[in-house]
Amino acid sequence: MGALAQWEPRVLSILRIVSGLIFLLHGTQKHFGIPPTDRVVEAFSLPWIAGAIEIICGVLLIVGFQTRAAALLASGTMAFAYFIAHAPRDVFPTNNGGDAAILYCFIFLYLVFAGGGSWSLDALRKSRNG
């Protein structure tokens, strides 16, 4: 287990980066149509605001800057999205399309407590400030 444990901070960083990147893509799709989509989001609507949060938090999570704060906002946004957009459709997340929102919510909640890992701007700032 010692060999695996030494990789824990780096794998945490990989989880943060990949989750942040996919989260960012949801926001860029809502705001800029990238990746391409047929769904148009009206400016300043609730999905548009969610897209702004996804873009901002996604970038912060990718680079690992203010990880805990960004993850808290992202986690809350996903919890809100689940209960507003998915839960009313069906009781089961696999039927209501909310399984990704639940996973994001709990991954980001974990990052609130775990931080950004060793490959993050937060870790770099901490090492420079001693």
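Select Q66 to begin: at 36% relative accessibility, this residue counts as partly exposed. You'll find Q66 in the loop between α3 and α4. Check its backbone while you're there, since phi of Q66 is near 55°, a positive value in a residue other than glycine. Keep in mind throughout that this is a predicted model.

Now for another backbone of that kind. Select F44, in the loop between α2 and α3. F44 is not a glycine either, yet has a positive phi of about 65°. Is F44 buried or exposed? F44 is exposed, with a relative accessible area of 64%.

Stay in that loop and pick P35, which also lies between α2 and α3. What is the geometry of the peptide bond from I34 to P35? That bond is cis, and its omega is near -5°.

Zoom out for a moment and show the whole chain as a cartoon. The protein chain has seven helices and zero strands, so if you colour by secondary structure the pattern to follow along the sequence is α-α-α-α-α-α-α, given that helices are taken as DSSP runs of at least four residues. The C-alpha trace spans about 45 × 30 × 25 Å along its principal axes. Of the 130 residues, 33% count as buried. If you draw contacts with a sequence separation of 6 or more, 67% of them are between residues 24 or more positions apart. Switch on the surface too: the accessible area comes to about 8,000 Å², with 71% of it belonging to carbon and sulfur atoms.

Next, go inside. Select F23, C57, L61, A71, M78, F108 and L111 and show their side chains: these are the residues with the most contacts inside the largest nonpolar core, which has 16 residues. Helices α2, α3 (46-63), α4 (67-86) and α6 (99-114) each supply at least two residues of this core. Which helix provides the largest share? That is α6, with six residues. As background, in soluble globular proteins nonpolar side chains tend to be buried together.

From that set, keep L61 and show its surroundings. Leaving out residues up to four places away in sequence, L61 touches R16, G20, T67, A70, A71, F108 and L111. Among these, A71, F108 and L111 were in your last selection of core residues.

Now look for charged pairs. How many salt bridges does a search of the whole structure find? There are two. Select E54 and K30 for one of them, where the closest N and O atoms are 2.9 Å apart. This pair links distant parts of the chain, with E54 in helix α3 and K30 in helix α2, 24 residues apart. Both E54 and K30 are buried. In general, side chains of opposite charge can pair when their charged atoms come close.

For the other salt bridge, jump to D122 and R125, whose closest N and O atoms are 3.7 Å apart. D122 and R125 both lie in helix α7 (residues 121-129), three residues apart, or about one turn of the helix. D122 counts as partly exposed, at 22% relative accessibility. R125 is partly exposed as well, at 38%.

Time for a buried polar side chain. Select N96, which lies in helix α5 (residues 93-96). N96 has a relative accessible area of 1%, so it is buried. Show Y82 alongside: a polar contact of 3.1 Å joins the side chains of N96 and Y82. What else is in contact with N96, apart from its neighbours within four places in sequence? Besides Y82, N96 is in contact with H86, A87, R89, D90 and V91.

Finish on the outside. Select W7, V11, I14, V18, L21, I22, L25 and W119 and colour them on the surface: together they make a nonpolar patch of about 720 Å². Take V11 as one example from the patch, and you'll be on helix α2 (residues 8-32). V11 is partly exposed, with a relative accessible area of 46%. That value is over the 30% a residue needs to be part of a patch, so V11 can belong to this one.

Methods: Residues are numbered from 1 along each chain as its sequence is written. This is a predicted model: local features need pLDDT of at least 70, side-chain atom pairs count only at pLDDT 80 or more; totals for chains, interfaces and linings use all residues. Side-chain values use heavy atoms; hydrogens and water are left out. Patches are made of residues with over 30% relative accessible area and no salt bridge: like charges are joined within 9 Å, nonpolar side chains (Val, Leu, Ile, Met, Phe, Trp, Tyr) within 5 Å. Accessible areas come from the Shrake-Rupley method with a 1.4 Å probe; for residues, only the protein chains shown count as cover. A salt bridge is a side-chain nitrogen of Lys or Arg within 4 Å of a carboxyl oxygen of Asp or Glu. Buried means under 20% relative accessible area, exposed over 50%, partly exposed in between (1.4 Å probe, protein chains only). A nonpolar core is a set of buried Ala, Val, Leu, Ile, Met, Phe, Trp, Tyr and Cys residues joined through side-chain atoms within 4.5 Å. Contact means heavy atoms within 4.5 Å. A polar contact is a pair of N or O atoms within 3.5 Å; within protein, one must be able to donate a hydrogen and the other to accept it, and residues adjacent in sequence count only if both atoms are side-chain atoms.
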